[in-house]
Amino acid sequence: MEYRKLGNLEISTIGLGTLRTFDVTSDEDIAVRSHIVDNCLSNDINLIDCASAYGNAEKVVGITTQGRRDKFYMASKVRTEGKEAGEAQIAQSFELFQTDYIDLYQIHNMIDWKTHLPTLEAQKEEGKIGMIGVTAMVDEAYPEIVELMKTGRIDTVQIPYNVMDREVEKELLPTAEELGTGILVMEPLKKGRYVKDLKSQPDLTPLAEYGIETWAQALLSWVLSVPTVSTTIPATSRPERINENAKAGTLDALPQELRDYVREETERCL
Ligand SMILES: NC(=O)c1ccc[n+]([C@@H]2O[C@H](COP(=O)([O-])OP(=O)(O)OC[C@H]3O[C@@H](n4cnc5c(N)ncnc54)[C@H](OP(=O)(O)O)[C@@H]3O)[C@@H](O)[C@H]2O)c1
């Protein structure tokens, strides 16, 4: 597994997303998530991203990392309006994760960020939070995020970046490179659509010499071939896919012509 800098941490280039996939309640479903966490460990994945807004996911992350909290860097997000509601949501993340320290705390989709940022800064000062980040899903949010990055008040930004969604290449990624801001890439597989909803089978032949065996690995490798990206966090409900996805974090960067090929093949097969 390749590790890259995220602030002062060395994080695995493949992390674990938990949106929808960890929002489960039955013992049987939680046991499967525990197996997912086992496979993260055996594949040297050391980052789990979650959020207050992901239903039962924070609780399930807390249960499945119990006794092995120190093996992972954990991230969550606040998504509400108002100072008191924000403080309550952040406090609940600590409780559900069953921890007294959260490595990265993010402001979800920049919602009420002017209120939550001072709260998180105070908690970082107290040593309860390691780093502060923001996340965004829409291109319109990027100019404000770029300005915020330049103030030095945030350590990381989480954005969508994949073969088709490339708006961040214009300004956000170059600014992150200049400032050393950590970049977490969400939706590397476009919620799985660019793997599961293809109408025809992409031709993997030109990618074989890079060790790529599946289309998911091609898409993940496309993202990680940009050195400004610190990590990407595909989510899955299937333990065996952790092994498949983690392999993308062990491969050499693709040259630009093969990145172009992966994009063109995705377009052709969609
Ligand atoms: N605003 C925000 O802050 C925000 C927004 C979106 C996402 N995120 C974060 O980013 C993470 C990733 O985004 P995402 O979960 O929306 O999308 P994603 O990682 O692009 O796609 C997840 C989907 O891909 C499928 N998948 C995973 N590995 C696969 C493989 N090897 N082959 C085929 N299918 C595969 C999974 O289905 P199976 O379960 O069937 O494997 C899952 O449904 C989230 O979990 C969350 O932590 C943050």
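This presentation covers the ligand site of a predicted model and then several residues in its loops and helices.

Good morning, colleagues. I shall begin with the ligand. Where does the ligand sit? The ligand occupies the largest pocket. Around the ligand there are 31 residues, and those that come nearest are Asp49, Asn109, Thr236, Ser237 and Arg241.

Three polar approaches to the ligand deserve individual mention. In serine 237, an N or O atom of the side chain is 2.6 Å from an oxygen atom of the ligand. In glutamate 187 it is the backbone that takes part, with an N or O atom 3.2 Å from a ligand oxygen. Glutamate 244 brings a polar side-chain atom to 3.2 Å from a nitrogen atom of the ligand. As for coverage, the ligand taken alone exposes 890 Å², and the protein buries 94% of that.

Which helix gives the most to the shell around the ligand? That helix is α9, with three residues. Both α7, residues 193-196, and α9, residues 239-247, supply at least two residues each to this shell.

I return to asparagine 109, one of the residues that come nearest to the ligand. Asparagine 109 belongs to the loop between β5, residues 102-107, and α4, residues 113-125. Asparagine 109 counts as partly exposed because its relative accessibility is 24%, a value between the limits of 20% and 50%. The backbone also calls for comment. Most residues other than glycine have a negative phi. In asparagine 109, however, phi is positive, near 55°.

Lysine 190 is a further case of positive phi in a residue other than glycine, with a value near 50°. Lysine 190 is located in the loop between β8, residues 182-186, and α7. Is lysine 190 buried or exposed? Its relative accessibility is 18%, so lysine 190 counts as buried.

Next, I turn to the loop between α2 and β4. Threonine 65 lies in this loop, where α2 spans residues 57-64 and β4 spans residues 73-78. Why does threonine 65 count as buried? The reason is a relative accessibility of 1%, as buried means under 20%. Apart from neighbours within four places in sequence, threonine 65 is in contact with Val37, Ile48, Phe72 and Met74.

Arginine 69 is placed in the loop between α2 and β4 as well. With a relative accessibility of 18%, arginine 69 counts as buried. Its side chain forms a polar contact of 3.0 Å with the side chain of threonine 99 and another, of 2.9 Å, with that of aspartate 103. Neighbours within four places in sequence aside, the contacts of arginine 69 are Met74, Thr99, Tyr101, Ile102 and Asp103. Met74 is thus in contact with arginine 69 and is also in contact with threonine 65.

The last region concerns helix α8 and the loop that precedes it. Tryptophan 215 is part of helix α8, residues 215-224, and counts as buried at 5% relative accessibility. Which residues does tryptophan 215 touch, not counting those up to four places away in sequence? They are Tyr194, Leu198, Pro202, Asp203, Leu204, Leu207, Val262, Glu265 and Thr266. By contrast, the C-alpha atoms of tryptophan 215 and cysteine 50 are separated by 25 Å, with their positions 165 residues apart along the chain.

Proline 202, in the loop between α7 and α8, counts as buried at 8% relative accessibility. Residues up to four places away in sequence excluded, proline 202 touches Trp215, Glu265, Arg268 and Cys269.

Aspartate 203 is found in the loop between α7 and α8 too. With a relative accessible area of 36%, aspartate 203 is partly exposed. The side chains of aspartate 203 and threonine 205 are joined by a polar contact of 2.5 Å. Beyond four places in sequence, aspartate 203 touches Trp215, Tyr261, Glu265 and Arg268. How far apart are the C-alpha atoms of aspartate 203 and glutamate 265? They are separated by 7.5 Å, although the two residues are 62 residues apart along the chain.

To close, I would draw attention to glutamate 265. This residue is touched by tryptophan 215, by proline 202 and by aspartate 203. Thank you for your attention.

Conventions:
Residues numbered from 1 in each chain as written. Predicted model: local features only at pLDDT ≥ 70, side-chain atom pairs only at ≥ 80, totals over all residues. Heavy atoms only, no water. Helix = DSSP H or I, 4+ residues; strand = E, 2+ residues; numbered from the N terminus. Buried < 20%, exposed > 50% of the residue type's maximum accessible area, 1.4 Å probe, protein only. Contact = heavy atoms within 4.5 Å. Near = heavy atom within 4 Å. Polar contact = N/O pair within 3.5 Å; in protein donor to acceptor, adjacent residues only side chain to side chain. Areas by Shrake-Rupley, 256 points an atom, 1.4 Å probe, with all protein chains shown as cover. 1 Å grid on protein atoms, 1.4 Å probe; cavity = no way out; pocket = protein on both sides within 12 Å on 5 of 7 lines; lining within 4 Å. Sits in = over half its atoms within 2 Å of the grid points.
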